[in-house]
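The following exercises are to be worked with the sequence and the structure at hand. Each task is followed by a solution in steps.

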Amino acid sequence: IASSFLLPLVGIHLALSITGAFTPALNLSATAGCVKSVMSWTLGILVTAFVALLTLQGLVAQSADTVALKAGKFVVGSLVPVVGSALSDALSSVQGCVQLLKTSIGAFGVFAVSLTILPVFLKVLAWKLTMSAATALAGFFDNPVGKLFGAIGDAVSLVISMLLCFGLLLIVSTTVLLMMGTGI
C-alpha cells in the first residue's frame, strides 16, 4: 500500500504544489492540501489497523501456545513411565529458554532495523533541512522559486512521516510480539 498508493500520493502532492507555485492563477494549494490530508489519514489508519491486528494475533497465539504446552505436559507426564513428571516439568524450562531466545533475537532485530532505517532517515532529513534553508533564502526574492522549494520540502516532510511511521510500526510490532512471547 505504501509503495503503490502512498508514494504516488506524495508525487501527486508534489506535482500539484509545483504547478501551483508557477501558475498562481490555478490556485492548486487546496487540492494539494487535500491530497496531503488523504495521505496522512491513510497512513494513520494503516498503522492503527496493523498494530490492532498484530495485537489480536499475538493474544490468540499466546493462548494457543499455553494450551499446547499444557497438553504436551499432560501427554509426557501420562505416557512416559517413571520420569514423565520430571520431563513434564522440563517442558516449562524449555519454553522459558525459547522465550528468552526470542527476546534476545527481537532486541537485536529492533536494533538492526533501526540501523537500517537510520541512514535513509538522515538523508531525507538532510533534504528537508536543505529545502527549508532554500525556502528561507528564496524568501528574500519575489519569485516562485521559494514556493517551489516549499513544495519540495512539504513532499519530503510526507516521506519523513512515512519513514517514521513505518519505523515506529516495526518497533511497536516487535515489542508486541515480544510481550506476547514472554507473557508480560
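## Exercise 1: A leucine in a surface patch

At 39% relative accessibility, Leu-118 counts as partly exposed.

**Task.** Locate Leu-118 in the secondary structure and identify the nonpolar surface patch that includes Leu-118.

**Solution.** The model under study is predicted.

Step 1. Leu-118 belongs to helix H3, which covers residues 84–138.

Step 2. The value of 39% lies between the limits of 20% and 50%, and therefore Leu-118 is classed as partly exposed.

Step 3. On the surface, Leu-118 forms a nonpolar patch with Phe-108, Phe-111, Leu-115 and Leu-122. Together these residues have about 520 Å² of accessible area.

## Exercise 2: Overall architecture and confidence

**Task.** Describe the fold by its secondary structure elements, its surface and its contacts, and state which helix has the lowest confidence and which the highest.

**Solution.**

Step 1. The protein contains four helices and zero strands, in the order α-α-α-α along the sequence.

Step 2. Of the 184 residues, 23% are buried. The accessible surface amounts to about 11400 Å², and carbon and sulfur atoms contribute 78% of this area.

Step 3. Among contacts with a separation of 6 or more, 71% join residues 24 or more positions apart.

Step 4. The mean pLDDT of the protein is 75, and 64% of the residues reach at least 70. Confidence is lowest in H2, with a mean of 72, and highest in H1, with 86.

## Exercise 3: The buried histidine and its partner

**Task.** Determine whether His-13 is buried or exposed, and trace its contacts to Ala-32 and beyond.

**Solution.**

Step 1. His-13 is part of helix H1, residues 2–22.

Step 2. The relative accessibility of His-13 is 3%, under the limit of 20%, so His-13 counts as buried.

Step 3. With residues up to four places away in sequence set aside, His-13 touches Ala-32, Val-35, Lys-36, Asp-154, Ala-155 and Leu-158.

Step 4. Ala-32 is located in helix H2, residues 29–79. Ala-32 has 3% relative accessibility and is therefore also buried.

Step 5. Seen from Ala-32, the contacts outside the sequence neighbourhood of four places are His-13, Leu-16 and Ser-17. Between Ala-32 and Leu-16, which are 16 residues apart along the chain, the C-alpha separation is 5.6 Å.

## Exercise 4: The nonpolar core

**Task.** Which residues make up the largest nonpolar core, and which helices each supply at least two residues of this core?

**Solution.**

Step 1. The core has twelve residues: Leu-6, Leu-9, Val-10, Leu-16, Leu-28, Ala-32, Val-35, Met-39, Leu-43, Ala-155, Leu-158 and Met-162.

Step 2. At least two residues of this core come from each of H1, H2 and helix H4 (145–182).

Step 3. Leu-43, one of the core residues, illustrates the contacts made. Apart from neighbours within four places in sequence, Leu-43 is in contact with Leu-6, Ser-161, Met-162, Cys-165 and Phe-166.

## Exercise 5: The N-terminal residue

**Task.** Where is Ile-1 placed, and with which residues is Ile-1 in contact?

**Solution.**

Step 1. Ile-1 is in the segment before H1.

Step 2. A relative accessibility of 59% exceeds the limit of 50%, so Ile-1 is exposed.

Step 3. Leaving aside neighbours within four places in sequence, Ile-1 is in contact with Leu-6 and Leu-46.

Step 4. Ile-1 and Leu-43 are separated by 42 residues in sequence and by 9.4 Å between their C-alpha atoms.

## Exercise 6: A loop residue and two positions in H3

**Task.** Give the backbone feature of Asn-27, and state how far Ser-132 and Ala-133 each are from Gly-150.

**Solution.**

Step 1. Asn-27 is situated in the loop between H1 and H2. Asn-27 is not a glycine, yet has a positive phi of about 50°.

Step 2. With 57% relative accessibility, Asn-27 counts as exposed.

Step 3. Ser-132 is found in helix H3 and is partly exposed, at a relative accessible area of 34%. The C-alpha atoms of Ser-132 and Gly-150 are 7.0 Å apart, with these positions 18 residues apart in sequence numbering.

Step 4. Ala-133 likewise lies in helix H3 and counts as partly exposed at 39% relative accessibility. From Ala-133 to Gly-150, 17 residues apart along the chain, the C-alpha separation is 9.7 Å.

Note on methods:
Residues are numbered from 1 along each chain as its sequence is written. This is a predicted model: local features need pLDDT of at least 70, side-chain atom pairs count only at pLDDT 80 or more; totals for chains, interfaces and linings use all residues. Side-chain values use heavy atoms; hydrogens and water are left out. Buried means under 20% relative accessible area, exposed over 50%, partly exposed in between (1.4 Å probe, protein chains only). Contact means heavy atoms within 4.5 Å. Accessible areas come from the Shrake-Rupley method with a 1.4 Å probe; for residues, only the protein chains shown count as cover. Patches are made of residues with over 30% relative accessible area and no salt bridge: like charges are joined within 9 Å, nonpolar side chains (Val, Leu, Ile, Met, Phe, Trp, Tyr) within 5 Å. A salt bridge is a side-chain nitrogen of Lys or Arg within 4 Å of a carboxyl oxygen of Asp or Glu. A nonpolar core is a set of buried Ala, Val, Leu, Ile, Met, Phe, Trp, Tyr and Cys residues joined through side-chain atoms within 4.5 Å. pLDDT is the predictor's confidence in each residue, from 0 to 100.
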